Every structure is written in structure tokens, then in C-alpha cells.
Amino acid sequence: MEIGSFTFLSPEGFSFDNSSTNFLWFQDMENGYNANSKKRGRNETDDALINQELKNSGFGGILSSILSLDEEAKQEQHQWFTESDQEIVSFFKDNYKEKVEEMNDYFDQKQNENIHYSELDELDYSRNKRARESGSAVIVAAPAAEVSARSSDDVGPSQSGSGSRQQRRLWVKDRSKDWWDMCNHPDFPDEEFKRAFRMSKGTFNMVCEELEPVVTKKNTTLRNAIPVRQRVAVCIWRLATGEPLRMVSKRFGLGISTCHKLVLEVCSAIKTVLMPKFVQWPDENRIKRIKEEFESTSGIPKVGGSMYTTHVPIIGPKIGVGAYFNRKHTERNQKTSYTITLQGIVDQKGVFTDVSIGWPGSMSDDLVLEKTTFYQRAMSGHLQDVWVVGNKGYPLMDGVLVPYTHQNLTWAQHAFNEKIGEIEKVAKEAFARLKGRWSCLQKRNEVKLQELPAVLGACCTLHNICEMRNEEMDPELKFELFDDEVIPENNLRSLTSVQARDHIAHNLLHHGLAGTGFL
């Protein structure tokens with residue numbers, strides 16, 4: 001501790017005797033220290049007086065002891081700080097040396113590993129180089145002659161000495177197209193082609209010719225357009241097999257996103273171009289032939305078609321998911337099922353004449369029927385003398401003929417149900433061939449909900465083309481339908497239709513057309 005020069009005086013020293021020499025410095029203070037020339041002399045006199053006073057009062061020894069102790073404490077503290085700094089510096093130096101040695105050892109080890117793997121790296125490099133050389137065929141670049149011509153035209157006098165500019169090149173991943181090239185070869189067996197694409201080469205060529213004006217794309221400076229046949233083949237193979245897009249990509253040597261885009265484009269083209277030609281309500285001459293065919297096989301007159309509704313599994317949408325929940329399928333499969341409906345009317349050969357696509361799977365068959373254009377034509381009276389046969393999931397109404405559903409049936413009613421069941425079977429077998437030929441309808445479809453109508457419409461159109469051209473389906477592709485029939489609450493909606501059904505049942509029994517299956 002540092003102590004100032006203030007003196008502690010004894011009580012005896014505070015005698016206000018002006019003649020005492022001990023208080024001469026008080027007199028100097030009273031004089032105000034006005035004499036600058038005598039200032040140093042008075043200070044020396046004051047110090048002498050203070051020292052004399054300390055000696056007289058006995059405080060001099062104590063003050064000197066305190067000062068010496070304070071000086072020793074300062075020296076000890078300085079020495080401690082000096083030693084601590086030296087210890088810290090030596091610690092960091094030792095630690096730094098250890099880290100440097102560890103890093104040197106690590107780098108030596110990595111260098112040895114790099115030397116060990118250098119031969120493998122050279123092998124990989126050589127393989128990659130060969131792969132790049134083999135893929136150079138798909139690298140699209142401007143011809144050398146064109147480059148030189150452009151460089152001579154574009155480069156000015158000041159740039160002519162620098163040479164031609166380097167042209168940009170587009171790198172395309174080299175994928176194998178061997179499988180498609182093999183299928184597209186003229187010598188490829190027709191049976192193998194039909195097994196892969198569910199149709200013969202002739203039918204496939206006809207579809208390509210019909211779609212060519214819509215599907216064709218132009219070549220660009222970067223790459224050549226995908227041919228029409230390959231575009232159509234990607235879509236048909238995807239619909240036929242239901243395989244994931246990565247498998248389609250491997251088969252045709254195209255990117256996954258490209259395959260997905262091609263499937264949607266071709267399906268949309270089929271729905272736009274081919275569906276109006278091959279899926280249409282029959283005209284008068286054709287409806288007459290259909291009636292004759294059905295009457296010759298069943299004995300029921302004026303039947304113009306057979307109707308059925310099936311469900312296609314989908315991924316549950318984010319909006320309105322409850323509307324697509326299928327309770328019957330969920331109970332049967334023991335897992336949550338979401339579906340959309342596909343309702344259609346077929347002729348005696350199983351060819352679709354009317355389809356309704358995309359209504360939620362929670363709707364019953366009769367509710368889906370009310371949303372169709374066929375229902376609107378029937379209610380407005382445009383279907384005269386034409387019956388469309390449906391199962392017990394549909395109501396009996398003008399234009400729709402269904403079997404009896406109540407208990408305790410008569411012989412005539414049993415006979416009618418047996419004969420009308422044969423007509424129902426035509427539609428059910430047609431839908432079974434539809435799902436068997438196009439396997440994408442059997443499993444949960446990954447296409448977006450708004451794009452599904454185009455896909456399902458393309459499947460129905462291609463089904464009609466195959467049926468019209470008598471393309472036989474492989475028996476191994478046979479599919480069994482599992483669609484539940486729910487009797488509607490109001491299944492009798494027309495008194496005229498009730499009387500007409502009873503009359504048909506009576507004629508079947510009494511004219512020997514009912515058979516003996518109901519006995």
C-alpha cells in the first residue's frame with residue numbers, strides 16, 4: 001500500500017504559539033506563497049521541519065517499516081506474475097509441438113494411402129475415359145464445317161487471329177435402347193411383340209399412324225426428337241404392364257421424367273383423336289344389329305347394351321379424401337382403399353359404346369349412373385325402344401332393365417333373371433378383359449387425380465381397338481373382378497318399366513325361351 005507524505009502530529013504539536021519554530025510553515029501558508037523566488041527554499045525548510053517533527057513524535061520508524069513491507073509485497077507479486085507467464089508460454093509451446101507432430105503423422109499416413117490407391121484411381125480414370133468416348137455419339141455439336149463458316153463470318157478483323165470460338169455442347173446420358181431396338185426390328189416375332197404390347201404389329205402401326213400428326217415433335221439444334229413409334233410404345237407398354245417409371249426408363253433408354261411426360265401426352269392424344277372415333281354411341285343401323293345379336297342369345301328383345309361399373313384404386317387425394325374412400329374394398333382387403341369409378345356400356349362383342357370416368361369411389365352405381373350422359377338421354381326420351389341391361393346395383397327405370405331382387409320369386413322371374421344374367425356377363429367379361437389387358441388398372445395408380453380421366457379413357461379406347469380388330473388376349477392375363485353390387489334404396493323408378501319387365505318374363509317362360517337353369 002502506498003502512503004502519502006501527510007504527518008500524524010501529537011496533541012502537543014497543536015499549540016497556537018506563533019513564536020514556535022514548529023509552525024513556521026503555517027505562517028508561510030498565511031502569506032499565500034507569493035514569493036516565487038523563495039518557493040524552493042521554503043519547501044526544503046518544510047521537509048526538514050516535517051522530518052524533525054516525525055523524529056520528535058516517534059512515527060518515523062513505523063512509516064519506514066510500512067513502506068519497506070509494501071515494497072517487498074510488490075516485488076513478490078511481480079515475481080509471481082513473471083513465473084506464471086513463463087509457465088503459460090511453455091505450456092502452449094509444448095502443446096503446439098504435440099499438435100504439429102500429430103498432424104505430420106496424419107498427413108504421412110494419408111499420403112501412404114493415396115500412394116496405395118493410385119493404381120485403382122488410374123483404372124477408374126481409364127474406364128471413365130472409355131465411357132466418355134463411347135458416349136460421344138450422343139453429344140450433339142455443330143458440324144465442323146458450320147463452325148468454321150460461322151467463325152469466319154462472325155469474327156472481326158481484330159479477333160481473326162485468336163481462332164474460332166468454342167461451340168457449346170449438350171451432354172446426354174448414354175442409356176441402352178437395345179430392348180426397344182430389338183422390338184422395333186422388322187424381324188421381331190409378332191407373338192413376342194403382342195405379349196409385350198397387348199396388340200399385334202399391325203394394330204400398333206395403325207395407332208401410330210393415327211397419332212402421328214399430334215404426337216410428332218421437331219428436331220432441335222441440341223438434340224433429335226423422340227420418334228413417334230417410340231413415344232407410342234412407351235405409353236402402351238406402361239399401360240399394359242403397370243410397371244414403375246424406372247423400369248420403363250430402362251426398357252426404352254429414356255429418362256424417368258421423359259417417360260412420365262410421354263405417357264401423359266400420348267394418353268391425352270388418344271383421348272382427343274382416337275376416342276371420338278372408336279368410343280361412340282351406335283347409330284340406328286348398328287343398334288339394330290346389336291338388338292338382334294342380344295335377342296338371339298338371350299331371347300330378351302330390344303337390348304342395346306350391357307352396363308357395368310368397376311373401381312380403379314388410386315392414392316388418396318389431399319382434398320376431399322373422404323369422398324374417394326371405398327368401404328367395401330377396405331373391408332375385403334383389410335386395408336384402406338381409395339378408388340374412382342369407371343362405368344361403361346358395351347355391345348354384344350364387349351366394345352364400349354359409352355363410358356363415364358372419374359366419379360369418387362364412395363358413390364354407389366345408381367348415383368354414378370345419374371351423372372352420365374346416357375341417363376340424361378334416357379330421362380329426356382331420346383332412347384326409344386332400347387334397353388340397357390344392368391345388374392341389381394342399378395334401378396329399374398326408363399331405358400334400364402335390371403333383374404328381380406325381392407325374395408320368393410316366381411318361375412317366370414327366375415327365368416328372367418337367368419337370361420338377363422347372360423347379358424350382364426357380357427359387360428363384366430369386357431371389363432375383366434379391360435383390366436387384364438391393361439394392368440395399370442389393377443394396382444393403385446400413381447397418376448394425379450386430374451390426369452386419370454385421360455389415362456382411363458386411353459385404356460378404354462385401346463381396348464375397343466383391340467376388340468374391333470379381333471386381338472385375342474393371352475389367357476395368362478385373365479383377371480377376376482371384385483366389385484360389390486349394392487341394391488339402391490329406390491330400385492323401382494318407372495311403373496311402365498315394371499310392367500314391361502313382367503311382360504318380358506312371362507313371354508320367356510311361356511314361349512320356351514327361359515331354359516331349365518332355374519329349376
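**Exercise 1. A loop residue with an unusual backbone angle**

Task: Determine where aspartate 385 lies in this predicted model, and whether aspartate 385 is buried, partly exposed or exposed.

Solution: Begin with the position along the chain: aspartate 385 belongs to the loop that connects helix H14 (373-379) with S4. Next, take the relative accessible area, which is 46% for this residue. Because buried requires a value under 20% and exposed a value over 50%, aspartate 385 counts as partly exposed. Finally, look at the backbone, where aspartate 385 has a positive phi of about 60° although it is not a glycine. Most residues other than glycine have a negative phi.

**Exercise 2. A second positive phi, and a contact between loops**

Task: Find which loop holds arginine 198, and list what serine 439 touches beyond the residues up to four places away in sequence.

Solution: Arginine 198 sits in the loop between helix H6 (190-197) and H7, and it has a positive phi of about 65° although it is not a glycine. At 11% relative accessibility, arginine 198 counts as buried. Turn now to serine 439, whose place is in the loop between H15 and H16, and which is also buried, with a relative accessible area of 12%. Leaving out residues up to four places away in sequence, serine 439 touches Arg198, together with Leu239, Ala240, Thr241 and Gly242.

**Exercise 3. The sheet, strand by strand**

Task: Work out in which order the 5 strands of the sheet are arranged, and which of them are the edge strands.

Solution: The order is S3-S2-S1-S4-S5, in an open sheet with mixed pairing. The edges are strand S3 (352-360) and strand S5 (400-401), each of which pairs on one side only. To see what mixed pairing involves, go through the pairs in turn. Strand S2 (residues 338-346) and S3 run antiparallel and are joined by 6 bridges, with leucine 342 finding its bridge partner in isoleucine 357 of S3. S1 and S2 are likewise antiparallel, joined by 9 bridges, and here histidine 311 stands opposite threonine 341 in S2. S1 and strand S4 (residues 387-389), however, pair in the parallel sense over 3 bridges, one of the partners of S1 residues being tryptophan 387 of S4, which is bridged to valine 303. As a last step, consider the surroundings of S1: 11 of its 12 residues are buried, so the strand is largely enclosed by the rest of the structure.

**Exercise 4. Two helix pairs**

Task: Decide how H15 and H16 are oriented to each other, and how H8 and H10 are oriented to each other.

Solution: Helix H15 (residues 411-437) and helix H16 (residues 452-468) pack at an angle of about 105°, with their axes 10 Å apart. Angles of 65 to 115 degrees count as roughly perpendicular, and H15 and H16 are therefore roughly perpendicular to each other. H15 contributes Ala430, Arg433, Leu434 and Arg437 to the contact, while H16 contributes Cys459, Cys460, His463, Cys466 and Glu467. These residues divide into 5 nonpolar, 1 polar and 3 charged.

For the second pair, helix H8 (residues 228-241) and helix H10 (residues 256-278) pack at about 90°, with axes 8 Å apart, which makes H8 roughly perpendicular to H10. Among the residues making this contact are Val232, Cys235 and Leu239 of H8 and Leu262, Val266 and Cys267 of H10. Here the division is 9 nonpolar, no polar and 3 charged.

Beyond its contact with H15, H16 also lies across strand S1 (303-314), S2 and S3, running at about 160° to S3.

**Exercise 5. Cysteines without a bond**

Task: Establish how many disulfides a search of the whole structure finds, and explain why cysteine 235 forms no bond with its closest cysteine sulfur.

Solution: The search finds 0 disulfides. For cysteine 235, the closest cysteine sulfur is that of cysteine 267, at 3.5 Å. A disulfide needs the two sulfur atoms to be within 2.5 Å, so the 3.5 Å between these sulfurs is too far for a bond. Cysteine 235 is nevertheless buried, with a relative accessible area of 0%.

**Exercise 6. A buried threonine**

Task: Locate threonine 203 and state whether threonine 203 is buried or exposed.

Solution: Threonine 203 is found in helix H7 (residues 201-215). Its relative accessible area is 0%, so threonine 203 is buried. Leaving aside neighbours within four places in sequence, threonine 203 is in contact with Ile465, Arg469 and Glu471.

Key. Residues numbered from 1 in each chain as written. Predicted model: local features only at pLDDT ≥ 70, side-chain atom pairs only at ≥ 80, totals over all residues. Heavy atoms only, no water. Axes fitted to C-alpha atoms, helices over the stretch in contact; angles between N-to-C directions. Helix = DSSP H or I, 4+ residues; strand = E, 2+ residues; numbered from the N terminus. Parallel < 35°, antiparallel > 145°, perpendicular 65-115°, else oblique. Contact = heavy atoms within 4.5 Å. Nonpolar A, V, L, I, M, F, W, Y, C, P; charged D, E, K, R; others polar. Pairing = 2+ DSSP bridges. Buried < 20%, exposed > 50% of the residue type's maximum accessible area, 1.4 Å probe, protein only.
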